[in-house]
Amino acid sequence: MGTTIFAEMSALATTTGSVNLGQGFPDTDGPREIAAAAAAAVMAGRGNQYPPGPGIPELRQAVAAHQKRCYGLDVDPDAQVLVTAGATEAIAAALIALLEPGDEAIAFEPYYDSYAACIAMAGATRVPVTLRPPDFRPDLDALRAAITGRTRLILLNSPHNPTGVVFTPGELARIAELACAHDLLVVSDEVYEHMVYDGVHVPIVSLPGMSGRTVTISSAAKMFSFTGWKIGWVTGSPELVTAVRTVKQFLTYVTGGPFQYAVAEALALPDDYFAAVTADLRAKRDFLCAGLAGAGFEVYRPAGTYFVTTDVRALGHADGMEFCRELPRRAGVVAIPSVVFYDNTDAGRSQVRFAFCKQQHVLAEALGRLARAGRGEAGLGD
Ligand code: PMP
Ligand code: GLN
């Protein structure tokens, strides 16, 4: 594999002139004043030379203040925060730091593509526990059954890409109990923490017994619509953060200095900013879900993230990969075949993911194209 499915599908969108509802990036930038803060930092010479290894103090303080404001968590900005090159590096550094060859890491599949790669880079083995439609709720008996003497950690992602499932406080409590009972670590990828439309986001670190065993990961990419800046962060106990930092320093050493100043300002935006992001995306979720259902897809309505998973069997297709490779030609739309997120490929073969972090008129154009293709001679069916 020379490229990720996201890059492949974005390239296909460009060459075919398709509407790109594949790779998860917004088609409008985040707040102007935050972009201006980044530009000002560059011009003022702030962060143009290697910033401190753990991240600039202003950003570490802002991460801690955000954890306090949103979840009432006390995080020491000096000992418990590490700035990374996006959540992607945070995931890599955490897994390489915490896993030894021969260890097992349990993750709910379908999972974000870098999880499998990073567990492999750490020399460990991934153990999938499958989330199944229509509701994709985690099967906690299956989770318990997957734990062995070699299990080192559970890799969690809620809100969950690609299914959009948001784990309930009760589910998280049971996962936390299992982690404590079996003395496991939890790496919790919470990059969609502000994209919850039904239910509530609870950081698993806030649950009893979890503060010493959880590495929490988030990122400015989704929250502030600057996916190109690659600023993420890790929070956790001083011991765990030190372990992750020890790896990070040999992956990238430090991360985009001027952007750190801007993200520090972004994290201090008022609650209204975060509420507006959620409200905007909730409306887009509703719009895209209704339109896809109208075009004949089976739609699994997401409670969070900016993705919706569909099933194309309702359109007469058995294979989501084939469907996605054909969709640009048939309809001028690009989506992601969810099978790439599964080890157990049979479970995801007919699922297709669409992103709704796009302007309203772009979503409308995509739905119009899908509707027209559905009515056309070839149709969206076989
Ligand atoms: N985790 C999940 C679940 C994601 O969907 C993504 C993609 N944004 C990432 C991590 C990577 O985030 P970043 O762009 O900050 O590296
Ligand atoms: N997180 C984005 C998605 O799931 C893509 C990020 C990437 O291309 N690596 O679509």
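How far is an oxygen atom of ligand 1 from an N or O atom in the side chain of threonine 88? In this predicted model, the separation between that ligand oxygen and the polar side-chain atom of threonine 88 is 2.5 Å. Two further contacts of this kind can be set beside that one: an oxygen atom of ligand 1 lies 2.6 Å from an N or O atom in the side chain of tyrosine 192, and a polar side-chain atom of lysine 230 is found 2.6 Å from an oxygen atom of the ligand. Taken on its own, ligand 1 exposes 390 Å², and the protein buries 94% of that area.

The surroundings of ligand 1 can be followed outward from these contacts. The ligand sits in the largest pocket, and the elements that give two or more residues to the shell around it are helix 4, which covers residues 86-98, and helix 8, which covers residues 220-223. Of the elements in the shell, helix 4 gives the most, with 4 residues. In total, 15 residues surround ligand 1, and the closest of them are Thr88, Asp189, Tyr192, Ser219 and Lys222. Sorted by class, this shell consists of 7 nonpolar, 5 polar and 3 charged residues.

The second ligand is best read against the same pocket, for the space that ligand 2 takes is again the largest pocket. The residues around ligand 2 are Phe6, Gln23, Gly24, Tyr112, Asn161, Tyr192, Lys222, Phe307 and Arg353, a list in which Tyr192 and Lys222 appear, and these two residues are also named among the closest to ligand 1. By class, the shell around ligand 2 has 4 nonpolar, 3 polar and 2 charged residues. Its polar contacts include one between an oxygen atom of ligand 2 and an N or O atom in the side chain of glutamine 23, at 2.7 Å, and one between an oxygen atom of the ligand and an N or O atom in the side chain of asparagine 161, at 2.9 Å. A nitrogen atom of ligand 2 also takes part, with a polar side-chain atom of tyrosine 112 lying 3.1 Å away from it. Of the 300 Å² of accessible area that ligand 2 has on its own, the protein covers 80%.

Some of the residues that contact the ligands also bear on the backbone, and here a general expectation is useful. Most residues other than glycine have a negative phi, and most peptide bonds are trans. Asparagine 161, whose side chain contacts ligand 2, is joined to proline 162 by a cis peptide bond with omega about 15°, and proline 162 is placed in the loop between strand 5 and helix 7. Another cis peptide bond runs from serine 158 to proline 159, with omega near -10°, and proline 159 lies in the loop between strand 5 (151-157) and helix 7 (169-181).

Lysine 230, whose side chain contacts ligand 1, has a phi near 55°, a positive value in a residue other than glycine, and its place is in the loop between helix 8 and strand 8. Serine 225 likewise has a positive phi of about 55° although it is not a glycine, and serine 225 is located in the loop between helix 8 and strand 8, the latter covering residues 232-235.

Which residues, finally, meet in a salt bridge at 2.9 Å, N to O? The side chains are those of lysine 248 and glutamate 89, and the pair links distant parts of the chain, since lysine 248 belongs to helix 9 (residues 238-251) and glutamate 89 to helix 4, with their positions 159 residues apart in the numbering. The structure holds 21 salt bridges, and this one involves helix 4, the element that gives the most to the shell around ligand 1.

Methods:
Residues numbered from 1 in each chain as written. Chains lettered and ligands numbered in written order. Predicted model: local features only at pLDDT ≥ 70, side-chain atom pairs only at ≥ 80, totals over all residues. Heavy atoms only, no water. Near = heavy atom within 4 Å. Polar contact = N/O pair within 3.5 Å; in protein donor to acceptor, adjacent residues only side chain to side chain. Areas by Shrake-Rupley, 256 points an atom, 1.4 Å probe, with all protein chains shown as cover. 1 Å grid on protein atoms, 1.4 Å probe; cavity = no way out; pocket = protein on both sides within 12 Å on 5 of 7 lines; lining within 4 Å. Sits in = over half its atoms within 2 Å of the grid points. Nonpolar A, V, L, I, M, F, W, Y, C, P; charged D, E, K, R; others polar. Salt bridge = Lys/Arg side-chain N within 4 Å of Asp/Glu carboxyl O.
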